[in-house]
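Below are some numbered points on this model, for comparison with your own reading. They concern local backbone features, helix packing and a few single residues.

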Amino acid sequence: MSEQYKTYEGNEPYIFVSYAHKDIDIVVPIIRVLQEHGFRVWYDAGIEAGTEWAVYISTHLKASACMICFMTPNAAESLNCRNEITLALNKNIQTLCVYLEDFELPDGLDLQLVNFHALYQYRHRNQESFIRELLKAKILQMCRRDSSSVPQADTIQKPEPLPKTEPAPAIETQQDIDLESIRKAAGRGEAQGMYLLGLAYLNGTGVNKNEVLGASWFLKAANLKHIDAMRQLVNCYRHGIGVTKSTSNAAYWGQVIAQQQNNPSSPPSTKQTTVGSAEQKQPVSSSAAAAENHSDADQITASHLESIRKAAGRGEAQGMYLLGLAYLNGTGVDKNEVLGTSWLLKAANLKHVPAMKKLAYCYRLGIGVTRSTNSASIWEKLAQETSSRT
């Protein structure tokens, strides 16, 4: 791993990062930005097997100059995060609590966190604005190397703006739709049927209102390049309708819309991949189809999926990698490129070289993540360095 991205070990002031492991795909990119801008950061990456975990964490937290606590529902439920917060309070360690989501804190934790400095990512209009405020946080500055040798906050590359999109018109009355025909069309894999069924669930038209189910139908239609479904997904992710509010996911689908509008003559992929039996087939997008040929390990069958899930659950990098590929290609599961890349990231953080390479590929093409040449280059370099040591 590049020296720049190694967790800090030394006697100079450093930041201790507290986070829930379920949020690693959200937190690690932020840690990378801090490291790129000269901050010394320690988090629990690469703890050697056999290490007394609690002692290791406690020692590094008590020796830190300050702590960043990335607060999400996952972190609020994590006993380890709660213990780290309690220790930071007992040892008077300055703490910046970064709220990645808008949610109600459980009783007791709300009282603890009132003592901390706070930064609210979800209140920012874009990631660039959030990063600027984070880099300027006063309690972190003592952990920064000589500022002349690192890029300044003003040099952060601006993300591509989201295209202006309006929510697709809602279905107002049950008479507007033939629900049975729409269900059948969705069942046949027709994108328009999936889209209309999503609207029906979103608005409670002819069915019990269910925003989660509505958003899931939009996602299926969007993966078949249905523009109105993509617009609805942007709106859902921006406002947290049926999904966890996510600026990055809204940006991703906004970019897909822009690409589709710039290449209107590009037809949806007709490539089919067999899942399970010969009767079960699912369409695969062109990006996922390209990813299929990236490695021999991409050839996954539905019959293997259960053992893959168990391996991933045990924390095995190969299982996480293969589960990521399954979601990326829609093999035995509903295709979900965002979830696929999150599993790839978990495997990559365990130094799984094929996962690093695939993650670089996803960042380069914007598959399941916001397109980022810089992130792609980082993971390509890490894959090369890791391979050279094995």
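1. Lys225 sits in the loop that links helix 9 (211-222) to helix 10 (227-239). The model is a predicted one, and in it the phi of Lys225 is positive, near 70°, although the residue is not glycine. Most residues other than glycine have a negative phi. This loop is therefore a place to look at the backbone by eye, given that most residues other than glycine have a negative phi.

2. Asn92 is another non-glycine residue with positive phi, here near 55°. Its place is the loop between helix 4 and strand 4. With a relative accessibility of 68%, Asn92 counts as exposed.

3. On the protein as a whole: the model has 17 helices and seven strands. The chain has 390 residues, of which 49% count as buried. Taking contacts between residues at least 6 apart in sequence, 62% join residues at least 24 apart.

4. How do helix 14 and helix 15 run relative to each other, and at what angle do they cross? The axes of helix 14 (residues 317-329) and helix 15 (residues 337-348) cross at roughly 165° and come within 7 Å. An angle over 145° counts as roughly antiparallel, so that is the term for helix 14 and helix 15. The crossing is left-handed. On the helix 14 side the contact is made by Ala317, Met320, Tyr321, Leu323, Gly324, Leu325, Tyr327 and Leu328. On the helix 15 side it is made by Glu337, Leu339, Gly340, Thr341, Trp343, Leu344, Lys346 and Ala347. By class, the residues of this contact are eleven nonpolar, three polar and two charged.

5. Leu322 also belongs to helix 14. Its relative accessibility is 16%, and because buried means under 20%, Leu322 counts as buried. The C-alpha atom of Leu322 is 10.0 Å from that of Pro354, which is 32 residues away along the chain.

6. Helix 13 (residues 305-313) has Leu305, Ile308, Ala311 and Ala312 as its buried residues. These residues cover an arc of only 120° around the axis, so they lie on the same side of helix 13. An α-helix has 3.6 residues a turn, so residues three or four places apart point the same way. The cover over the buried residues of helix 13 includes helix 14 and helix 15, the pair described in point 4. After helix 13 comes Gly315, with a positive phi near 85°.

7. A second helix pair is helix 2 (residues 53-63) with helix 4 (residues 79-90), whose axes are 11 Å apart and make an angle of about 40°. Helix 2 passes helix 4 in a right-handed crossing. Helix 2 contributes Trp53, Ile57, Ser58, Leu61 and Lys62 to the contact, and helix 4 contributes Asn80, Glu84, Leu87 and Ala88. Sorted by class, the contact of helix 2 with helix 4 has five nonpolar, two polar and two charged residues.

8. In helix 6, which residues are buried? They are Glu128, Phe130, Ile131, Arg132, Leu134 and Leu135. Glu128 and Arg132 are among them, and a reader may wish to inspect their surroundings. Among the elements that cover the buried residues of helix 6 are helix 1 (24-36), strand 3 (66-71), strand 4 and strand 5 (117-120).

9. Is Glu101 buried or exposed? Glu101 has a relative accessibility of 19% and counts as buried; the cut-off for buried is under 20%. Glu101 lies in the loop between strand 4 (94-99) and helix 5 (109-113). Leaving out residues up to four places away in sequence, Glu101 touches Met71, Thr72, Pro73, Tyr122 and Thr244.

10. Arg145 is in the loop between helix 6 (127-135) and helix 7 (179-187). Arg145 is partly exposed, at 39% relative accessible area. Apart from neighbours within four places in sequence, the contacts of Arg145 are Tyr8, Gly38, Phe39 and Arg40. The C-alpha atoms of Arg145 and Pro13 are 9.5 Å apart, with these positions 132 residues apart along the chain.

Notes: Residues are numbered from 1 along each chain as its sequence is written. This is a predicted model: local features need pLDDT of at least 70, side-chain atom pairs count only at pLDDT 80 or more; totals for chains, interfaces and linings use all residues. Side-chain values use heavy atoms; hydrogens and water are left out. Axes are lines fitted to C-alpha atoms, for helices over the stretch in contact, and angles run from 0 to 180 degrees between N-to-C directions. Helices (H or I, at least four residues) and strands (E, at least two) are DSSP runs, numbered from the N terminus. Angles under 35 degrees count as roughly parallel, over 145 as roughly antiparallel, 65 to 115 as roughly perpendicular and the rest as oblique. A crossing is left-handed if the near helix is turned anticlockwise from the far one by less than a right angle, and right-handed if clockwise. Contact means heavy atoms within 4.5 Å. Ala, Val, Leu, Ile, Met, Phe, Trp, Tyr, Cys and Pro count as nonpolar, Asp, Glu, Lys and Arg as charged, and the others, Gly among them, as polar. Buried means under 20% relative accessible area, exposed over 50%, partly exposed in between (1.4 Å probe, protein chains only). The arc is that of the directions from the helix axis to the C-beta atoms.
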